Amino acid sequence: MFKKEVECLPDKIMGEAVIMLLNEGGPVTCAQLHLKLRSFMPLTEEIVREAAIQVAVRSVRTAILKCEGTIRSQASDML
């Protein structure tokens, strides 16, 4: 794989996960995306793809934590 392809792979994998969630007809939330990405881990045998999945999982987890922090901050401002 070329360096550019490797750098884009986490985004492509996230896109695959989102499309799968849409096709399943369920909710497309950060939590569901996180679970779907984690379900990819045991299915891959490629080291590069596994690393990309881990990057995608960390990215979604970071987004979830930021969102939770923002909600808590807004709630405390309302008090």
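**Group meeting: a three-helix predicted model**

The protein averages a pLDDT of 86, with 82% of its residues scoring at least 70, where pLDDT is the predictor's confidence in each residue, from 0 to 100. This is a predicted model, in which local features need pLDDT of at least 70 and side-chain atom pairs count only at pLDDT 80 or more, while totals for chains, interfaces and linings use all residues. Residues are numbered from 1 along each chain as its sequence is written, and side-chain values use heavy atoms, with hydrogens and water left out.

Let me turn to the overall layout. The secondary structure comes to three helices and zero strands, where helices (H or I, at least four residues) and strands (E, at least two) are DSSP runs numbered from the N terminus. Among these elements, helix H2, residues 30–40, has the highest mean pLDDT, at 94, and helix H3, residues 47–78, has the lowest, at 82.

Now to two residues. Leu33, which sits in helix H2, counts as buried because its relative accessibility is 12%, and buried here means under 20% relative accessible area, exposed over 50%, and partly exposed in between, with a 1.4 Å probe and protein chains only. Leaving aside neighbours within four places in sequence, Leu33 is in contact with Met14, Ala17, Val18, Leu21 and Val60, contact meaning heavy atoms within 4.5 Å.

Thr44 lies in the loop between H2 and H3, and is Thr44 buried or exposed? With a relative accessible area of 13%, Thr44 is buried, and, not counting residues up to four places away in sequence, Thr44 touches Arg49, Glu50 and Ile53.
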